[in-house]
Amino acid sequence: MGISRYAMLGAFALVSLSLPAFSASAEDVTISVWSLDRDIQPAPNLINDFNKLNSGIKVEYRQIQFDDVVSEAMRAYSTGQAPDIIAVDNPEHALFSSRGAFLDLTDMISKSSVVKPENYFPGPLASVTWDGKLYGIPKATNTIALYYNKDMFKAKGLDPNKPPQTWDELVEAARELTDPAANVYGLAFSAKANEEGTFQFLPWAQMAGGGYDSINSEGAVKALDIWKTIIGEKLASPDSLTRGQWDSTGTFNSGNAAMAISGPWELDRMIKEAKFDWGVTLLPVPEISAERSSAMGDFNWAIFASTEHPQEAFKVLEYFVSQDNRMFKDFGQLPARSDIAIPPTGEPLKDAALKVFLEQLKYAKPRGPHPEWPKISKAIQDAIQAALTGQMTSREALDQAAAKIKAVLG
């Protein structure tokens with residue numbers, strides 16, 4: 001869920017100071033790494049840089065496809081052919097950790113001068129934690145917030161410096177901004193029947209006191225009722241049920257939606273496409289005093305328990321962590337750490353938006369963690385679709401989801 005860019009750095013002088021000393025041997029230890037990253041993204045570039053250090057460890061890289069990560073990784077592990085290191089989507093991490101497929105890194109991290117758990121945002125850190133132990137290291141992160149068209153706010157007599165802060169304010173603003181004659185919806189978001197729908201809805205349930213294990217709480221029902229109102233009054237396009245976040249945000253960029261719920265991966269595209277003044281604000285809450293929440297995306301690093309070289313594999317991860325200050329500057333991805341400042345981009349709108357996303361990350365929560373997350377997510381997706389298409393009330397749909405999830409949780 002991100003847009004990346006790449007600009008190679010040639011200096012490695014500081015690396016030797018920030019990592020434990022490597023001892024070269026007559027023959028390099030080979031560490032294999034699997035991830036989704038393409039040539040303009042972090043993994044292959046960090047690996048190339050690491051290999052130039054001639055540390056006695058040689059890293060080999062394989063790019064895999066998103067849909068194949070879980071099945072291929074599990075198959076490789078069960079047949080003794082797993083890589084040493086893999087990057088997995090954060091909601092899938094618990095599946096591997098709970099089955100003993102990932103190495104417990106707790107002790108190595110406690111002794112590391114590079115990997116410091118206290119430097120990470122709570123959400124990403126929670127996503128690599130299972131049974132109180134650390135089974136990985138967050139690679140990058142992202143979240144969602146509310147984009148809004150300031151020009152449209154002005155045109156409708158709304159204060160562009162006071163975007164909606166609560167659910168009621170969001171609905172009222174969407175009503176004011178919806179203009180069927182101009183083909184403009186008040187809001188764009190994704191309620192698609194896949195992980196994107198869960199990704200967007202779960203924070204609403206969490207802000208209202210619910211969660212995946214209490215998805216039919218009063219607050220969660222209210223949240224889904226708000227979504228029903230937005231769809232029922234056509235304050236958002238009916239296509240919200242079938243469009244992903246990329247397409248729904250495109251509606252905003254084209255001027256056909258006044259607000260959109262989306263993430264920082266859209267920023268470069270928005271700078272290019274949106275021909276109007278826009279801003280970003282934190283996700284609206286049920287009421288001002290409510291707990292904030294937001295979705296959390298992106299991947300984590302992990303070492304397979306079957307590795308024959310755990311210490312060397314961990315040194316590779318330490319190197320990756322030592323380069324986290326390059327995550328945004330070189331690759332356009334947000335580091336999962338609160339101790340790294342994001343450098344100015346020179347684009348005022350983008351810089352202002354990034355400050356909001358970094359603030360939102362303080363409240364981002366993982367999906368789960370639970371080893372059966374896909375089943376849990378499917379129950380939530382089905383409930384969203386059933387309620388928004390009028391097949392069930394929000395209460396009926398979420399009660400049904402809660403029963404399915406209870407069966408999964410045991």
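## The three-stranded sheet

Three strands form an open sheet in the order β8-β7-β9, and their pairing is antiparallel. The edge positions belong to β8 (259-262) and β9 (278-281); each has a single partner strand, so one side of each is left without a neighbour in the sheet. On average, neighbouring strands of this sheet are turned by 25° against each other, direction ignored. The model described here is a predicted one.

Strand β7, made up of residues 145-149, is joined to β9 by 4 bridges, and the two run antiparallel. One residue pair can be named for this pairing: Y147 has V280 in β9 as its bridge partner. A helix accompanies the sheet as well. Helix α15 (residues 348-361) lies across β7, β8 and β9, and runs at about 15° to β9.

## The five-stranded sheet

A further open sheet has 5 strands in the order β2-β1-β3-β10-β6, with mixed pairing. Here β2 (57-63) and β6 (137-138) stand at the edges, and each has a single partner strand, so one side of each lacks a neighbour in the sheet. Helix α2 (residues 42-51) packs on this sheet and touches β1 (29-35), β2 and β10. The direction of α2 makes about 160° with that of β2.

At the β6 edge, 2 bridges join β6 to strand β10 (residues 299-303), and these strands run antiparallel. Within this pairing, P138 stands opposite N300 in β10. Helix α13 (residues 310-322) lies across β1, β2, β3 (85-89), β6 and β10. Its course is at about 155° to β10.

## Helix α10

Helix α10 spans residues 218-232 and has 15 residues. From its first C-alpha to its last it reaches 20 Å, close to the 21 Å expected at 1.5 Å a residue. The buried residues of α10 are G219, A220, V221, A223, L224, I226, W227, I230 and I231. The elements covering these buried residues include α8 (167-177), α9 (195-207), α16 (373-388) and α17 (394-409). Just after the helix, K234 takes a positive phi of about 55°.

An α-helix has 3.6 residues a turn, so residues three or four places apart point the same way. In α10, the buried residues include A220, A223 and W227.

## The crossing of α9 and α10

The axes of α9 and α10 come within 8 Å and cross at roughly 125°. This angle makes α9 oblique to α10. The crossing of the two helices is right-handed.

Residues on both helices take part in the contact. On the α9 side they are G197, Q200, F201, W204 and A205, which meet A220, A223, L224, I226 and W227 in α10. Those five residues of α10 are also listed among its buried residues.

## Helix α16

Helix α16 has 16 residues and reaches 23 Å between its first and last C-alpha, close to the 22 Å expected at 1.5 Å a residue. Of its 16 residues, 12 are buried, so α16 is largely enclosed by the rest of the structure.

The buried residues of α16 are W373, I376, S377, A379, I380, Q381, A383, I384, Q385, A386, A387 and L388. Their cover includes α9, α10 and α17. Just after α16, G390 takes a positive phi of about 80°.

Notes: Residues are numbered from 1 along each chain as its sequence is written. This is a predicted model: local features need pLDDT of at least 70, side-chain atom pairs count only at pLDDT 80 or more; totals for chains, interfaces and linings use all residues. Side-chain values use heavy atoms; hydrogens and water are left out. The expected span of a helix is 1.5 Å times one less than its number of residues. Buried means under 20% relative accessible area, exposed over 50%, partly exposed in between (1.4 Å probe, protein chains only). Contact means heavy atoms within 4.5 Å. Two strands pair if DSSP finds at least two bridges between them. Axes are lines fitted to C-alpha atoms, for helices over the stretch in contact, and angles run from 0 to 180 degrees between N-to-C directions. Angles under 35 degrees count as roughly parallel, over 145 as roughly antiparallel, 65 to 115 as roughly perpendicular and the rest as oblique. A crossing is left-handed if the near helix is turned anticlockwise from the far one by less than a right angle, and right-handed if clockwise.
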